[in-house]
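Let's take a look at how two chains sit against each other. Have the sequence and the structure open as you read.

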Amino acid sequence: MTRVIGTLKLLWRDNKLLLGAFALALAVTLFFALRSLSFWIYWADPAHRNQAIEPWMTPRYIAHSWHVPPPVVAEAMGLKPGGPRITVADVAEDEDMTVEALVAQIMAAILAHRAERAEAREDRQP
Amino acid sequence: MSDTLFQLVADYGAWLLAVSCFLSCLLVPVPTSLLMLAGGAFVASGDLDMGNVIAAAWLGAVAGDQTGYHLGRCGAGMLDRIATRWPSRKPTIDKARALVAQRGSMGVFFSTWLVSPLGPYVNFVAGASGLGWRQFTLWDAAGEAIWVCGYVGLGYGFADQLSMVADVAANTSGLLAAGAVALGLGWMLRARWRKARAAAAS
């Protein structure tokens with residue numbers, strides 16, 4: 001320990017700037033390492049993994065994220081399936097409605113589709 | 001903030017990626033890695049074309065690096081002027097140039113993807129210290145291909161978890177860059193310490 005302190009003293013005497021920069025870089029590295037750890041803890045909770053519908057999402061992206069066929073989302077947004085790239089925010093503005101109302105509409109369609117699918121599966125089982 | 005960025009990618013597609021890759025290779029603080037992740041996610045959903053996204057990002061990055069390299073080359077004249085004005089500095093400058101000429105291409109390669117925040121500096125230094133253009137371009141283009149495919153591929157693979165991947169990727173990139181800087185400074189400190197110890201012993 002005394003040897004380490006001795007070395008640091010020696011370096012501090014002659015290389016203040018370099019030692020300071022090194023300590024700073026080390027601190028920044030540690031900061032990012034701790035943040036990695038906090039992300040890991042946060043995302044380990046399955047409740048944090050559901051991706052809510054956001055204004056930037058396109059109908060196809062929502063369909064991909066929620067594992068439903070793209071036409072389900074497109075129709076809930078009042079669009080023709082297979083149209084050009086457009087986002088929830090764009091559609092809400094065009095339709096003169098709030099993003100929240102549009103998101104609720106899409107969610108309802110997704111849940112309805114899932115319920116239908118679950119029913120179809122039950123019917124198929126003897 | 002990332003929501004606005006994702007919205008921009010949805011609006012402008014591959015063109016936005018080309019411009020932002022170009023700028024971020026020139027030290028303009030644009031969150032290009034996030035944009036590439038979003039680009040990959042939109043490829044997975046079927047909103048963007050994989051070939052277009054990768055080509056646009058890669059061409060933008062290579063063009064940005066070339067610009068940085070040539071700016072460095074113009075700055076090389078300054079190094080020459082320093083060497084003629086203060087001849088005592090000439091050996092140091094020559095030594096630095098020799099080092100970059102010998103090992104520079106590896107630095108260029110890794111600075112494009114593994115420690116990408118250092119990339120713009122490395123391009124400039126490579127140009128200023130006279131690393132050959134062909135060698136620079138070859139390693140740079142190869143490294144940028146890894147960088148672009150890595151981020152776009154990550155966005156594609158984790159398209160339904162974009163916010164999570166964005167957080168983790170930005171953090172990891174910061175961790176690697178800060179670690180590389182700490183390692184480099186530590187190396188310099190060790191050399192100084194050894195010199196000091198040798199001087200004390202004699």
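What follows starts with chain B as a whole and then moves to where it touches chain A.

Keep in mind that this is a predicted model. Chain B is built from 8 helices and 0 strands, so to speak a run of α-α-α-α-α-α-α-α along the sequence. Its C-alpha trace spans about 70 × 35 × 25 Å along the principal axes. Of the 202 residues in chain B, 42% count as buried. Take the contacts in chain B between residues at least 6 apart in sequence, and 81% of them join residues at least 24 apart.

Now for the contact between the chains. Chain B brings 33 residues to it and chain A brings 32 residues. On the chain B side, the elements giving two or more residues are helix H1 (2-12), helix H3 (32-45) and helix H8 (162-201). H8(B) gives the most, with 19 residues.

One helix pair is worth zooming in on. The axes of helix H3 (residues 59-66) of chain A and H3(B) come within 8 Å and cross at roughly 80°. Angles of 65 to 115 degrees count as roughly perpendicular, which is why H3(A) is described as roughly perpendicular to H3(B). From H3(A), the contact uses Arg60(A), Tyr61(A) and His64(A), while H3(B) supplies Ala41(B), Phe42(B), Ala44(B) and Ser45(B).

Here is the make-up by class:

| Where | Nonpolar | Polar | Charged |
|---|---|---|---|
| Side of chain B that touches chain A | 17 residues | 11 residues | 5 residues |
| Contact of H3(A) with H3(B) | 4 residues | 2 residues | 1 residue |

Notes
Residues are numbered from 1 along each chain as its sequence is written. Chains are lettered from A and ligands numbered from 1 in the order in which they are written. This is a predicted model: local features need pLDDT of at least 70, side-chain atom pairs count only at pLDDT 80 or more; totals for chains, interfaces and linings use all residues. Two residues are in contact if their C-beta atoms, placed from the backbone, lie within 7 Å. Helices (H or I, at least four residues) and strands (E, at least two) are DSSP runs, numbered from the N terminus. Ala, Val, Leu, Ile, Met, Phe, Trp, Tyr, Cys and Pro count as nonpolar, Asp, Glu, Lys and Arg as charged, and the others, Gly among them, as polar. Axes are lines fitted to C-alpha atoms, for helices over the stretch in contact, and angles run from 0 to 180 degrees between N-to-C directions. Angles under 35 degrees count as roughly parallel, over 145 as roughly antiparallel, 65 to 115 as roughly perpendicular and the rest as oblique. A residue is buried if 20 or more other C-beta atoms lie within 10 Å of its own, exposed if 12 or fewer, and partly exposed in between; C-beta atoms are placed from the backbone.
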